[in-house]
Amino acid sequence: MAVEFRVLGEVEVRVDGRRLELGPARQRCVLAALACEAPHMVTVDQLLDRVWGERPPQRARETLYSYLSRLRRALQPAATATATGTDGGAGITRRDGGYELTVVPSAVDLHRFRCLDAEARTAAQAGREDEAARLFEEALALWRGEMCPGMDSAWFTAQRETAQLERIGAVLDLNDVQLRRGRHAELLSTVPALADSHPLDERLAGQLMLALYRGGRPADALQHYQLLRSRLADELGIDPGPPLQELYQGILVSDPRLAAPPGDTAPPGDTAPKAPAAPATPQPRQLPAPPPLFTGRGGELARLDKLLAPHGKPADSGVLIAAICGTGGVGKTWLALRWAHDQQELFPGGQLYADLRGFAPSGEPADPHTVLRGFLEALGADPAALPTGPQAQAALYRSLTADRRVLVVLDNARDSDQVLSLLPGSPSCTVLITSRHQLPGLTASHGVGRLTLDTLDATEARDLLVRRIGADRLAAEPDAATELLRHCAGLPLAVSVLAARVTTNPVLTLAGLTAELRDTATRLDALETGEASADVRAVFASSYLALDPDSAQVFRRLAQAPAADIALPAAAGLTALPPARLRTLLRRLQAHHLVQEHRPGRFSCHDLLRSYALELARTEGPAGEADAALTRVLDHYAHTAYAADLLLLPHRDRLGPAPTADGAQPEQLATHEAAMEWFTREHSVLTATVEHAVRTGHDAQAWRLARALSTFLARRGRWADVTAVHTTALAAAVRLGDTAARAESHRTLAWACTETGRYAEAHEQLTHALALSEADGDVRSAAHTHLAAGWLYEREEDRAAALRHDQRAVDLFTSLDDLPGRARALNAVAWDHTRLGDHAAAVRHGRRALAIQRELNDERGQAATWDTLGCAHHQLGDHTAAVDCYEHSLGLNRALGHRYNEAETLVHLSRTHRATGATEAAALALREALAIHLDINAPAREVDEVRALLRELDGPAE
């Protein structure tokens, strides 16, 4: 394995090409300080100064030692590796008074650069121009950006300035070598930009003038001289030096000594149309600087390595193409540039880059033919002799890239058509594309490998914020930082915008910024900086404006979804569209990464995108569009849930009909199993919908939906959810002035309180429910309330009171000729008799209840009554009959999905098995009950009870 220490760019260590995780910025700073001096020792005081400068924190030495310890662990893979070009590993060694990075200098890119630079100068002085050019190019290829970016101590600043001067010196020396070799055409693709960034450098100006002259552009060379002369006079008050003046005079008179040296050779055998150009092949280096604060994305970089690995590729395969797709602001360009810079040594033929502006916040997308002409010039074609037709230019492009290892980065592509003419034809080339569009056409025609980029996870988002604003700032307001990151939802652009606001406004606190983010109506206002490229709303708008009208309307309407995601049938109700048409439009939104199908048939979008869509719904859609969409989706959920609840509990009291908004499209569920599956998929959405309905003034749908949820939630033992939705539903019923609804919500809340041991609260709720029922003359509601009171007193072990309320319920249900209610109440009376010790009476009442429930085919009621009869027979000593009753109850509860009651019956069954000496069967039943309790998060007292019973049997609690 090979180990490389890199400081000429972002600080990193690679072992056999794999990047090691080096920890936070200050920790990497320690390693950089050691690497720059390797293999010499750096004292502790020097390290403190280099890492923190004049403002070290408290306990700086302890922090430094902690960093060194972590770095040693991080560098463990390098300990047995082979440094580039040598033998031996690498690590941090403690010396008297300091530390050293024990590694050969050639393993550190800075030292290797200096060594190669010295060797190149020696070769140039000896007249070995080809060798000199190769060594200079190898040295300069080590640079990946600014040296140690972000490390701002005085020592690092001085080191950076020195290294940058050395880099420029190597570039200028290489330019001289290339001019002596007749490679002036190559310089014309790189030197103009360099001259612009160093406008007063006379040596560089002379190199550009000579290259222009030799390239047949003497007028441009003379114009550049005059520009430099004017700048020198204005800024320094001097004239160009004698060498440059002599060059100027030579160009004026076409001095033959300025002609290119003989011996130029053109690539043989290329018969494609070509512009006259210098024989040498330029190697463009067009990549923008690497992202200075790139964070995380290790898995995505590895995925790109796999997609674009040139090794082992079949010889007849096409050009390697990968596309990074994702929503605006998710970091596609950062990832592409990070990978491209990391892998640029794989592309000695050069790197081409173009921002295609496919979704630019302002302006039109780039014309691919304009981009192509720029690529041709970068590859050495003479602009004056380019073919005029697009097809001929594309053919020339393919010719110039043939058999060359060139990387082409096409950033921010709008669609497949925009990139097709920019694809090289040679398998030796690699293309990396970024786009908010999924580019399905390109995938189909060229077999593009696609990487869909998701948002940052919580750790990566926090690391990005730390790198932006500093760990100290984050530590000073940890709670505000956590909330701020939650509102950003992992979107790198959002984190970066907020960090920019904090760092550019010294009085702005994280708490103040977080307060701005809390209001969803104005959240996006906090995420703008005044510049379109750093404005989350503007970035989203550029994606939205690319949509057709129908897709745009669906995007606006989907914002009305009351929960984090939505299934296709509910979305059809929300949008009032046929499912087939809706799926087509959703595919278009997916292609633009404005919606994602995160599970089959379920759709969601990023929280900030949803905030943007809500803005659009308020401002762009037709009047009333948003309210109508919300009403439809609430009706969809409320009516589907009501029908599903009746499938679970067919004998439940039915509500009067409720209107359904046009286009709501409730789902048609036919079986008990289908209803359970629907509730299982949707229950988290439905609980959120109850809250959303109340917030938006839809109290009737909120209460109906909460009522329809109760049966399923109870069967799953989700008492906290029952409490939450009926607390909300009760407030809605109060606003509606619906006494019956209020009484039922009070009663359901009492049920949840009883099951979770909050008996005082349960009594209070039932008192309210009974008072409302009696005041309203609602006998059926009063009967249900007495039945609930009987269960509460039973749990409190006041058996006489329980029997009194349950018998009252029997009488009231009988007066109403309500057979399902009467059967339920008879079963409760049977249970009361069992608890009071009158087991024969319990069997009589239980059989009466069971007879009614069988006649009604009330499976839910039968399951409860079989359990009661099992307990009565157990107490009578008829264990065979008890086991038979329990098995009947278990079969029904399992078919009904009533897991809470299933666990309860398993506990009862275990007692009967234990009484007959069947301890293994008893333990098995208890383990099944415990697994269910843990799965449904049952109350702790019930879990503890089962565990205690298991311990009594000497069976291990799982």
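A salt bridge here is a side-chain nitrogen of Lys or Arg within 4 Å of a carboxyl oxygen of Asp or Glu. Keep that cut-off loaded, and select Arg758 and Glu761 to begin: their side chains meet in a salt bridge at 3.3 Å, N to O. Arg758 is partly exposed with a relative accessible area of 28%, and Glu761 is partly exposed too, at 39%. For those labels, buried means under 20% relative accessible area, exposed over 50%, and partly exposed in between, using a 1.4 Å probe and protein chains only.

Some housekeeping before moving on. You're looking at a predicted model, where local features need pLDDT of at least 70, side-chain atom pairs count only at pLDDT 80 or more, and totals for chains, interfaces and linings use all residues. Residue numbers start from 1 along each chain as its sequence is written, and side-chain values use heavy atoms, with hydrogens and water left out.

**More charged pairs**

Side chains of opposite charge can pair when their charged atoms come close. How many salt bridges does the rule count? The count comes to 54.

Try Arg718 with Asp721, a salt bridge at 4.0 Å, N to O. Arg718 is partly exposed, with a relative accessible area of 33%, and Asp721 is partly exposed at 25%.

Now jump to Arg899 and Asp935. The closest N and O atoms of this salt bridge are 2.3 Å apart. The pair links distant parts of the chain, 36 residues apart: Arg899 belongs to helix α41 (residues 899-915) and Asp935 to helix α42 (residues 919-935). Helices and strands on this tour are DSSP runs, numbered from the N terminus (H or I, at least four residues, for helices; E, at least two, for strands). Arg899 is partly exposed at 22% relative accessibility, whereas Asp935 is exposed at 53%.

For a busier view, select Glu4, Arg6, Glu12, Arg14, Arg19, Asp109, Arg144, Arg338, Asp342 and Glu345 together. Salt bridges that share partners join these residues into one network.

**A three-stranded sheet**

Next, show residues 565-567, 596-599 and 602-604 as cartoon. Three strands form an open sheet here, in the order β13-β15-β14, with antiparallel pairing. Strands pair if DSSP finds at least two bridges between them. Which strands sit at the edges? They are β13 (565-567) and β14 (596-599), each pairing on one side only. Neighbouring strands of this sheet are turned by 40° against each other on average, direction ignored.

Zoom in on β13 and β15 (residues 602-604), which pair in the antiparallel sense over three bridges. Pick Asp565 and look across: its bridge partner in β15 is Ser604. Then add helix α26 (residues 568-575), which packs on the sheet and touches both β13 and β15. The direction of α26 makes about 95° with that of β13. Contact means heavy atoms within 4.5 Å; the axes are lines fitted to C-alpha atoms, for helices over the stretch in contact, and angles run from 0 to 180 degrees between N-to-C directions.

**A covered strand**

Go to β9 (residues 350-355). Is this strand mostly covered or mostly open? β9 is mostly covered, with five of its six residues buried. β9 pairs with β10 (residues 406-413) in the parallel sense over six bridges. Select Ala354 to see Leu410 of β10 standing opposite.

**Backbone oddities**

Turn to the backbone at Ala38 and Pro39. The peptide bond from Ala38 to Pro39 is cis, with omega near 5°. Pro39 sits in the loop between α1 (25-37) and β4 (42-43).

Two loop residues other than glycine have positive phi. Ala489 has phi near 55°, in the loop between α21 (478-488) and α22 (492-504). Ala489 is partly exposed at 23%. Asp817 has phi of about 55° and lies in the loop between α36 (799-815) and α37 (819-836). Asp817 is exposed, at 61% relative accessibility.

**Last stop: cysteines**

How many disulfides turn up in the whole structure? The search finds zero, a disulfide being a pair of cysteine sulfur atoms within 2.5 Å. Select Cys29, Cys36 and Cys148 to check the spacing. For Cys29, the nearest cysteine sulfur is that of Cys148, 7.6 Å away. For Cys36, the nearest is again that of Cys148, at 4.9 Å. Cys29 is buried at 3% relative accessibility, and Cys36 is buried at 7%.
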